[in-house]
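Student: Got a minute to go through this one with me? I'd like the helix first, then the sheet.
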Amino acid sequence: MELVSLLSRMSFYLPIRHRQSCTRVAVLPSSDFFISTVERLCDRVQSSTLLEDRRDAVRALKSLSKKYCLEVGSQAMEILISVLQTDRNDTEIVGYAVETLTNVMCNEPYEEEDEPPRALPEDLGIQFTEMFIKDPENISLLLSLLEEYDFHVRWPTVKLITTLLINKGKAIQEIILTSPMGVSKMMDLLSDSREIIRNDGLLLLIQLTRSNTNIQKIVAFENAFERLLDIIAEEGNSNGGIVVEDCLLLLLNLLKNNSSNQNFFKEGSFINRLPAYFELEPADQSPQGGWSAQKVTNIHLMLQLVRTLVSPNGPQQQTMACQKAVFQCGLLEKLCNILMASGVPADVLTETINTVSEVIRGNQGNQEYFASVLAPSNPPRPAIVVLLMSMVNEKQPFVLRCAVLYCFESFLYKNELGQSQIISTLLPTTAEVNTITAGQLLCGGLFSSDPLSTWFAAVALMHAVFDNAKQKEQLLRVQLATSLGNPPVSLLQQCSNILAQGAKLQTRVGLLMLLSEWLSNCPAAVNHFLSNNANIPFLISQVSASEGDEMELIVQSLCAFLLGICILYNSEQVEGFAKHDLRNIIEKRIGLEQFTDKLLQVSKHEAYSRAAKKPQLNIQQTSDILFDHQFTKLFKQLENEVIRAISPGSDEENEAEKKKQVALEQHESIVEQYKGIIREQDSQLNIVRGELSELQNKHKECNTKVEELGRQIQQLKDQNALLKAQRTGSIPVSSPKENGISVTQLTMDLDAKTLQVKENEQEIEKLKAELTKALGTASSHDHGQVNAMVNDSSSPNMSGDQFSVEDLNRKLECKEEEVKLYKNKYESMSKQLVQLREQMTSGDLQEDKHSLTQRVSELEFNLTAAEIEKKRAVDNEICAQDKLKAVIEEKAALEEKVKKFEKDMAELEIELEEVKASATEGKKDQEDLLILLAEHESKLKTYRDRLKELGEKVEDDLDDDDDDLDGDDDED
Amino acid sequence: MSYAYLFKYIIIGDTGVGKSCLLLQFTDKRFQPVHDLTIGVEFGARMITIDGKQIKLQIWDTAGQESFRSITRSYYRGAAGALLVYDITRRDTFNHLTTWLEDARQHSSSNMVIMLIGNKSDLEARRDVKKEEGEAFAREHGLIFMETSAKTAANVEEAFINTAKEIYQKIQDGVFDINNEANGIKIGPQHSLTNPGMSSSSGGGNQSSGCC
């Protein structure tokens, strides 16, 4: 397919070749032979199985490829590409193939002494390149060959890619951009230790980076700046050879019109490495030394590099930053040194002045530094003065004088201080007699017989008052002493006089530009100008003139402009030349149409549009010099106003104009008002914004608080759960109410029990009494001695009858039963107590707990509601905050409740303790009772023993009791 | 201005997620609501301090559009850090992260530190991607994660600085070969002076490997 299209292209060239071969057939019989050889060689490369055969064939093709590039290219290209793919491992054959392709595609005409070159189509190489890149894979193939370290492959590959880029740069750049590692592979060439590859790599990169911002950025990203600056330094900076030049060309490619890379260059502090380039050696400064052509080239490129960074056409912010950096690293100082050095070639000096101009332009700090630079003359003079001397010296080269003007302009650009310094040197008060000042030089230039000097001086002076009303008025004070005996004449008048005398074209153009700027926006200057009766008639005569060549037309046009300015800034103070007077004169003597027509001649001129393009004079010949850049700005700004000012201008219309003006002013004031309102609203907006962000912050805080609260609730829940768990566990917990009931029950039981115990005691008392009675009867029976004291341990004499003893025994039995009963009761009471405890354990706290949980969930609900509301609207903040407060309060209440609950529990526990205590007390009472009973029992026994001793029969069933009471007996 | 280290970053992610605004906020501390589409790649730089050391960040802000994707790929290899940005109000920008990440992993050095950034956190009301989702994605792919707002500057400093901290840590751990500039790391001129022994010994190592 590829081959077919190739051949179809071939047929297009065939007639040419045939004609050639026909005419030369006698001289070159072998031409056709070589052509058929190409075919045979291609055959061999394709069909031969031996690598060596193929290699020889490719080598042969290579040797033919220069002379018969058309034939080799059209027949062998596909074959050679497939060699690159299949024989990749043999560096030799790959090298030959790549070289052959290069020969085919490079457009170098093949020259041999005995043979005139064949007439081949000029774009043959380009066409072969197009064929080659039809398959983008071929470029990838070449990029992969770049990775091959072998010199025989890498070097020709570099050359082939360079050739391709020269032929079809844009297309290949696009292909390389889609290959991620493509650029870095080419960047790696700069690190190749073999200089020839590094140097050819440079040439490749120069082609690669031509007008493709994206590739330029990638190359910069791959550390190109550092590598290139390193190479330049290694090669000896400006003293280095062509490699330095190539590096600089590549640097310029990377930086020109690429603000991102410029920013990277500045941010990477690479500007700091530039001052070294401008270090002058003693040999450079000797007048007979002479600079090598290479050095001149290198320095030129280095200066261009600096200018690229500080270009007035770049983004202002970046230009300012670079200007500052250039000053800070001492580069400006180095450049100023070159300005003042001797032995510097004129073109280098000129370019250095241009560079300094752009480094200081509009940058106050740099302008101040420049003003302080002194030339090493005797006595030392400011550099500015020395430069101005060259500007008004007609023997100096024209381009140098242009450069000085550019430098002077740049020094004054946006520099009110500098302007006043220059103007002050013209004023009588400060002018010193013995030193040469800038003002003197400018005045001298202004009235020089050399029209260029006048033009330069006029433009320079124009920049000294540009856009500076104060200095315009100051300049009015300047008086000139013309010749002895005559009264001094003002500078302004002198300019008008020279103008009227019909000086050379450039002189007049220069002066008219100066006067236009001087009079614009300065009614005092207009008055001064009008006060000389000759001036207006002169201007009228110029504008109304009908004859004259193209250049005269320009002068007439500028005169019309000046006339217009006289109307525009007329303060109506000079009689006969007020606005309406001038308007009348124009209408009568010139006619409005002709006036307008004349006025617009300026902007139609080619030189005008050329000057408008950029600040620096873009002029090769002295005769072309006409307009200044800043003047074109002034003209553009005022031309319409001038036309309006002279347009059908009766006074009424003037009135109307005034009314319009007033309306306009009103309008403006309204606009101003609105602006004020907008400003106010803006500030309000800002305040509101601030408030909003504050609110947002608060909202955030609230959210975190809500989250915190959520966490606390969780904690509370956890505590609750823990409490529940504890309650079901070992620690008895009871609700206050239930507990209270059971406690009262318990207390009641206890009371009852105590009562019973009391009854018991009473009965014991009764028993004692009966016993005493019985004893009494017994003793009265035996001895008649009765011991009334029951507790008396002294053994009373027992005496009594059996009857009463039996009675006693019964009663005792009865007592014993009662004691048993008490024991039972006590047991049941203990049981009750236990039950009570159990009840307490299984407790009915749940109700309270339930309500508590409910409240918690209620609280949770409230919280979620609050959250939702928060989310819904930021401006519901306050409401949300209130809710939050409520939530916090509820939380506090909840916490309090929990505290209370805990307190209650503690109280309950205390009560329980008390209950327990009273229970133990009851038990103790019981025990006491038992002891008492035991004592009684023992007494009974002693009584019984006594009875026995007394000879009474005692029933056996009491013996058991005896045994029971033995211990007590022992104690007794 | 001298520095101890220089790190190269790239910012990647879909178009309109706020990459250029993040860079502008970081370098100039301002927000530009209306920003032109980035064409190709733009450069920005700033100095930061980590561990008492001055570190210069050089940042390449890439164009998010598909048509610039191949250009962007050229920047992966030489970068030490990448900020992968999506827009929390646009789920599709989050869905495309996998593609971006594959691209980055394929073309970068394996040590490149990637910070995942969910930008526009100020537009909470329009949020379309949950923070948790971003966190999960980052966890899954071993990235650092942060939500930022180039508009309010929230977390913007942190995003750039935390990435630098991670790179710095990797240097301390010896993961990065700091003498290979292809990693996007450079030792400052002043710093290399303080460690002459180290740099010369490693230089020797390089030479010997070159011989082999």
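Tutor: Let's take a helix in chain A, then some strands in chain B.

Tutor: Keep in mind that this is a predicted model.

Student: OK. Where does helix α4 of chain A bend, and by how much?

Tutor: At A:Ala76, by about 60°. The helix covers residues 69–86.

Student: How many residues of α4(A) are buried?

Tutor: 13 of the 18. So α4(A) is largely enclosed by the rest of the structure.

Student: What does UniProt list for residues 75–104 of chain A?

Tutor: An unreviewed UniProt entry lists "repeat: ARM" there.

Student: And how much helix and strand is in that stretch?

Tutor: Residues 75–104 of chain A are 87% helix and 0% strand. The C-alpha atoms at the two ends lie 11 Å apart.

Student: Switching to chain B. Is strand β3 mostly covered or mostly open?

Tutor: Mostly covered. It spans residues 53–62, and 8 of its 10 residues are buried.

Student: Which way does β1(B) run against β3(B), parallel or antiparallel?

Tutor: Parallel, over 7 bridges. Strand β1 takes in residues 5–13 of chain B. For one bridge, B:Tyr5 is partnered with B:Ile55 in β3(B).

Student: And β2(B) with β3(B), parallel or antiparallel?

Tutor: Antiparallel, with 10 bridges. Strand β2 is residues 41–50 of chain B. B:Thr49 sits opposite B:Gln54 of β3(B).

Student: What links β2(B) and β3(B)?

Tutor: A hairpin turn, with 2 residues between the strands. In that turn, B:Asp51 has a positive phi of about 60°.

How values were computed. Residues numbered from 1 in each chain as written. Chains lettered and ligands numbered in written order. Predicted model: local features only at pLDDT ≥ 70, side-chain atom pairs only at ≥ 80, totals over all residues. Heavy atoms only, no water. Bend = angle between axes of the 7 residues up to and from the residue. Helix = DSSP H or I, 4+ residues; strand = E, 2+ residues; numbered from the N terminus. Buried < 20%, exposed > 50% of the residue type's maximum accessible area, 1.4 Å probe, protein only. UniProt positions renumbered as here; feature names shortened; annotations may be inferred. Pairing = 2+ DSSP bridges.
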